Each structure stands twice: as C-alpha cells, then as structure tokens.
Amino acid sequence: MKHIPKHDSGWTVGEGYRKQPLLLPTDLNCAGALVQVVEIPPHAHCPLHHHKQQTEVFYVLEGRGEMEIAGQTVQLAPGDLVTTEPGEMHSATNPHDETFRYVVFKTNWDPADSYW
C-alpha cells in the first residue's frame, strides 16, 4: 500500500488544454508510466499529435467531448474509455459549455515522445 499525497507541481498549460500529474513514474515504480488529469475548457481544442512509443488510455471523469483518433471521431461522456496506440494521430475537442475532464494512463511514457 502506498499513500501518495497530491503532487504540487501545478498545472501545465498547453494549446487548448491543461494537465496535472496524478502519479509520477517514481510513484508507480515504473520509469515508463505516468497518470495525469487533463482538462479542456469549453469550446477549446487540443491539436492533433501522436506518440511513437506511448499507448494512452483515456477515462472521462466529467463533461462531454470528442476525440479524433486515426481519422475517426468518438463522442465521449463520463465513464467512457478510449485508447490510442503508438503512431495514431489524435486530438480532443470540447464543443460544450462545461469543462471536459479526463484521466490519462500512459505506458511506455517518455516526456520527449509527443509529436505535434
């Protein structure tokens, strides 16, 4: 068992989103793993990008939004899960009036493995 207090690293702001780590690699005893929460404000868009190594699992906490993954658009609501595989271009959009918030579980994570 491990109790992990909230990380105080704050939010990182990107184009159309902000993110904050929940579990760092040291918390998970795994150099290639990361868990973070992502928020997309109303009527915002996170641009298309991909990862060469990472697999990502997205779990929607609140709000509604959509993700484009490998050319397909998926509508998402709380409780939905979707994954992206290495090389799959993906983006997220919030066309609604409430914040779109989800948790991302990353495997084979490397901070330099994002290609915009």
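**Exercise 1. Cysteines**

Is C30 buried, partly exposed or exposed, and what is its relative accessibility? Then sort C46 the same way and look for disulfides.

Solution. Keep in mind that you're working with a predicted model.
- Step 1: take C30, which has 36% relative accessibility. Buried needs a value under 20% and exposed a value over 50%, so C30 lands in the partly exposed class.
- Step 2: do the same for C46. Its relative accessible area is 6%, so C46 is buried.
- Step 3: search the whole structure for sulfur pairs within 2.5 Å. The search turns up zero disulfides.

**Exercise 2. The largest pocket**

Find out how much space the largest pocket holds, how many residues line it and which strands supply them.

Solution.
- Step 1: get the volume. The largest pocket has about 390 Å³ of space.
- Step 2: list the lining. There are 27 residues, and Y17, K19, Q36, E56 and K106 are the ones nearest the centre of the pocket.
- Step 3: map the lining onto the strands. Strand 2 (17-23), strand 3 (33-40), strand 4 (44-49), strand 5 (55-62), strand 9 (90-94) and strand 10 (100-107) each give at least two residues to it.
- Step 4: split the lining by class. You get 13 nonpolar residues, ten polar ones and four charged ones.

**Exercise 3. Aromatic rings**

Count the aromatic pairs, then work out the geometry of F58 and Y102.

Solution.
- Step 1: apply the centre-to-centre cut-off of 6.5 Å. The count is three aromatic pairs.
- Step 2: pick the pair F58 and Y102. Their ring centres are 5.6 Å apart and their planes meet at 70°. Over 60 degrees counts as edge-to-face, so that's the label for this pair.
- Step 3: place the pair on the chain. F58 sits in strand 5 and Y102 in strand 10, so the contact ties together parts that are 44 residues apart in sequence.
- Step 4: check the accessibility. Both F58 and Y102 are buried.
- Step 5: look for a wider group. F58 and Y102 join F100 in one aromatic cluster.

**Exercise 4. Charges over rings**

Which ring does R18 lie over, and which one does K52 lie over?

Solution.
- Step 1: start from R18. It lies over the face of W11, 3.7 Å from the ring centre.
- Step 2: move to K52. Here the ring is that of Y115, and the distance to its centre is 4.6 Å.

**Exercise 5. Positive phi**

Look at the backbone of H43 and of A70, and say where each residue sits.

Solution.
- Step 1: read phi for H43. It is positive, about 60°, even though H43 isn't a glycine.
- Step 2: locate H43. You'll find it in the loop between strand 3 and strand 4. With 54% relative accessibility, H43 counts as exposed.
- Step 3: repeat for A70. Its phi is near 50°, again a positive value in a residue other than glycine. A70 is in the loop between strand 6 (65-69) and strand 7 (72-76).

**Exercise 6. Sequence versus space**

For N29 and Q72, L22 and P5, and D113 and W11, set the separation along the chain beside the C-alpha distance.

Solution.
- Step 1: N29 lies in the loop between helix 1 (25-28) and strand 3, and at 67% relative accessibility it is exposed. From N29 to Q72 you count 43 residues along the chain, and the C-alpha atoms are 34 Å apart.
- Step 2: L22 belongs to strand 2 and is partly exposed, at 37% relative accessible area. L22 and P5 are 17 residues apart along the chain, with 9.2 Å between their C-alpha atoms.
- Step 3: D113 is in the segment after strand 10 and has 0% relative accessibility, so it counts as buried. D113 and W11 are 102 residues apart in sequence, yet 19 Å apart from C-alpha to C-alpha.

Methods. Residues numbered from 1 in each chain as written. Predicted model: local features only at pLDDT ≥ 70, side-chain atom pairs only at ≥ 80, totals over all residues. Heavy atoms only, no water. Buried < 20%, exposed > 50% of the residue type's maximum accessible area, 1.4 Å probe, protein only. 1 Å grid on protein atoms, 1.4 Å probe; cavity = no way out; pocket = protein on both sides within 12 Å on 5 of 7 lines; lining within 4 Å. Points joined across faces, edges and corners; volume = space filled by probe spheres on them. Helix = DSSP H or I, 4+ residues; strand = E, 2+ residues; numbered from the N terminus. Nonpolar A, V, L, I, M, F, W, Y, C, P; charged D, E, K, R; others polar. Phe/Tyr/Trp six-rings, centres within 6.5 Å; stacked < 30°, edge-to-face > 60°. Lys NZ or Arg CZ within 6 Å of the ring centre and 35° of its normal.
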